[in-house]
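Trainee: Hi! Could you walk me through this structure, please?
Mentor: Happy to, let's open it up together.

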Amino acid sequence: MLYDVVIIGAGVSGSAIARELSRYKLQICVLEKEEDVCCGTTKANSAIVHAGFDAETGSMMAKLNVRGSQMMDQIASDLDVPFRRNGALVVCTDPDEVDGLQKLYDRGIANGLPADSMEILNREEVLALEPNLSENVVGAFYAKTSGIVCPFLLNIAMAENANVNGVDFFFNTEVEHIEEDTLPSSGEKIWRIRTCNGDYKARYIINAAGVYADVFHNMVSAKKIHITPRRGAYCLLDRAAGNYVSHTVFSLPGKMGKGVLVTPTIHGNLLIGPNAQDIENREGTNTTAEGLQEIIEKAGRNVRNLPMYQVITSFAGLRAHEDGHDFIIGEVEDAPRFIDCAGIESPGLSSSPAIGEYVAKMMAEKLHLTPKENWNGKRKGILRPSELSMEERNALIREKPAYGRIICRCESITEGEILDAIHRPLGARSLDGVKRRTRAGMGRCQAGFCSPRTMEILHRELGIPYEKITKSGGDSKLVTGRTKEHFGEEA
Ligand SMILES: Cc1cc2nc3c(=O)[nH]c(=O)nc-3n(C[C@H](O)[C@H](O)[C@H](O)COP(=O)(O)OP(=O)(O)OC[C@H]3O[C@@H](n4cnc5c(N)ncnc54)[C@H](O)[C@@H]3O)c2cc1C
């Protein structure tokens, strides 16, 4: 089949673009090498919707961050994604660096932020907002519109909504090669995309491949770009520590980025990180003892007595840092019909609604696209019994008993929610797929108790043999065989 548009990558950029393009009469598909959406950088970041004061004035990053943040309330409401503007404090602990706070304010104004959305606070004012800050704090820049979002659900919801509006998604489909071809019938130039699952044909390609976007750009263009995976590690603390700060607490930004932050997450945990380390390995999301020590030490400079005994897990993500340090979005000059969406490092999550809008507008103007009459931009998330009143919950359980069976005890996630996660569009196929959609396994035992029970549900609902159920696709199988001697053939 010849697609009008093939998007490479089902991260938040590819999914945002897919959703925006699904407004138009186009045949679109997304090719993703992993088993699910949200398996690249979008699954491991700070989850901050940045206000827009940090990026260099005039850059794509600045424009799309400001616009993306403006769009976030509407998109979160339309797609039923958890999002809250908790405000950010960039704290200063060195009297010699206080000027840096004013620079952030001035850049915020230059980037188009409303003057009343930002403030410079003195020591007393900032300590009144955040009593657990360091004794050494001398002042802070307060960005009131900064927010926290669930990155998994933002990505998943955009993809689901694109899918119900007609976009095909192909998982476990790694793009290996791209070349130009010609349709014999009309002589039209098209792209032939070789994947591990056969060839796809497209009039347009959108390259949203995260840390691999330079590989595809460089396949079709003589003007090379270069992405360095810049790793950032985190410690995630239990929900018992979630109120330790209520704002996102940043340090003054440095050469390698926005520095180490301490923030509540939208789901009530406390998150500490990231550091910034340039590496070679584009899959190198392991953490190191030194990296974690670095973030704990740096976070401790701004927030005192951090309850590090509450850490429940650590993880790392890779920023797709392009040498020019800006988003590269647009048709490649010497490769017509090939659209880059490369170098999408932070604030890529914040910018994602605007990235989708920008690319779709560009395509709509270029191709004179016709909108669909029946496009539906709304999506309902998974029903959460824990958010219902006791009466509503009892009524739900009477009607659907699966909502009365708790599978994940740490996060109080029911079987009903897991069934919904599996059976909705682009449903979960692995433990991580269930986890990112429902939070089963996100709690303090980190899936120790609920994994076998979630496996039973995946097995029963999808007919996947136990030996083939994975944590996150590929070789991440959880069991190797049956203990026949003890439980018999069918145990
Ligand atoms: C440490 C860290 C902190 C961050 N904090 C924030 C923050 O607080 N706020 C913010 O706004 N942004 C933040 N970001 C940036 C944000 O996470 C990214 O900009 C965003 O997630 C990028 O999304 P993407 O879709 O472009 O890339 P990805 O999510 O990486 O998606 C790319 C997809 O392409 C797929 N792919 C790659 N190669 C192939 C292939 N050959 N065939 C098929 N598919 C392929 C990948 O599997 C992946 O799913 C942070 C990033 C990091 C690493």
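Trainee: How are α1 and α8 oriented to each other?
Mentor: They are oblique to each other. This is a predicted model, by the way. The axes of helix α1, residues 12-21, and helix α8, residues 348-367, cross at roughly 40°. An angle of roughly 40° is neither under 35 degrees nor in the range 65 to 115, so oblique is the word for it.

Trainee: Within what distance do the axes of α1 and α8 come?
Mentor: They come within 8 Å. Two packed helices are described by the angle between their axes and the distance between the axes.

Trainee: And is the crossing of α1 and α8 right-handed or left-handed?
Mentor: The crossing of α1 and α8 is right-handed.

Trainee: Which residues make the contact?
Mentor: On the α1 side they are V12, S13, A16, I17, E20 and L21. On the α8 side you have G348, L349, S352, I355, G356, E357, V359, A360 and M363.

Trainee: Let me pick S352 then. Is S352 buried or exposed?
Mentor: S352 is in helix α8, and it counts as buried, with 0% relative accessibility.

Trainee: What does S352 touch?
Mentor: Leaving out residues up to four places away in sequence, S352 touches V12, A16, L154 and M158. V12 and A16 belong to the α1 side of the helix contact.

Trainee: New topic: rings. How many aromatic pairs does a search of the whole structure find?
Mentor: The search finds six aromatic pairs. One of them is Y3 with F170: the ring centres are 6.5 Å apart and the planes are at 75°, so this pair is edge-to-face.

Trainee: Where in the chain are Y3 and F170?
Mentor: Y3 is in strand β1, residues 2-8, while F170 is in strand β9, residues 168-170. They are 167 residues apart, so the pair links distant parts of the chain.

Trainee: Is Y3 buried or exposed?
Mentor: Y3 counts as buried, at 4% relative accessibility. Its partner F170 is partly exposed, with a relative accessible area of 28%.

Trainee: What about the rings of Y234 and F315, how is that pair arranged?
Mentor: That pair is stacked, because the planes are at 20°. The ring centres of Y234 and F315 are 4.9 Å apart. Here too the pair links distant parts of the chain: Y234 is in strand β13, residues 227-237, and F315 is in strand β18, residues 311-322, with their positions 81 residues apart.

Trainee: And how accessible is Y234?
Mentor: Y234 is buried, with a relative accessible area of 4%, whereas F315 is partly exposed at 23%.

Trainee: Which residues form an aromatic cluster?
Mentor: Y3, F170 and Y200 form one aromatic cluster.

Trainee: Which residue lies over the face of W375?
Mentor: That is R23, at 4.0 Å from the ring centre. You can also look at R409, whose charged end sits over the ring of F449, 4.6 Å from its centre.

Trainee: Switching to the backbone, which residues does a cis peptide bond join?
Mentor: One cis bond joins G273 and P274, with omega about -10°. P274 is in the loop between β16 (270-273) and β17 (277-278). The bond from S346 to P347 is cis as well, with omega near 10°, and P347 is in the loop between β20 (335-342) and α8.

Trainee: Why point those out?
Mentor: Because most peptide bonds are trans, and most residues other than glycine have a negative phi.

Trainee: What is the phi of A47, then?
Mentor: A47 has a positive phi of about 65°, although it is not a glycine. A47 lies in the loop between β2 (28-31) and β3 (48-49) and counts as buried at 13% relative accessibility.

Trainee: And N172?
Mentor: N172 is not a glycine either, and its phi is positive, about 50°. N172 is in the loop between β9 and β10 (175-182), and it counts as partly exposed at 43% relative accessibility.

Trainee: Last one: what does E135 touch?
Mentor: E135 touches R123 and R304, not counting residues up to four places away in sequence. E135 and R304 are 169 residues apart in sequence and 7.7 Å apart in space, C-alpha to C-alpha. You will find E135 in the loop between α4 (123-129) and β7 (139-143).

Technical notes. Residues are numbered from 1 along each chain as its sequence is written. This is a predicted model: local features need pLDDT of at least 70, side-chain atom pairs count only at pLDDT 80 or more; totals for chains, interfaces and linings use all residues. Side-chain values use heavy atoms; hydrogens and water are left out. Rings of Phe, Tyr and Trp (its six-membered ring) pair if their centres lie within 6.5 Å; planes under 30 degrees apart count as stacked, over 60 as edge-to-face and the rest as tilted. Helices (H or I, at least four residues) and strands (E, at least two) are DSSP runs, numbered from the N terminus. Buried means under 20% relative accessible area, exposed over 50%, partly exposed in between (1.4 Å probe, protein chains only). A charge sits over a ring if NZ of Lys or CZ of Arg is within 6 Å of the ring centre and within 35 degrees of the ring normal. Axes are lines fitted to C-alpha atoms, for helices over the stretch in contact, and angles run from 0 to 180 degrees between N-to-C directions. Angles under 35 degrees count as roughly parallel, over 145 as roughly antiparallel, 65 to 115 as roughly perpendicular and the rest as oblique. A crossing is left-handed if the near helix is turned anticlockwise from the far one by less than a right angle, and right-handed if clockwise. Contact means heavy atoms within 4.5 Å.
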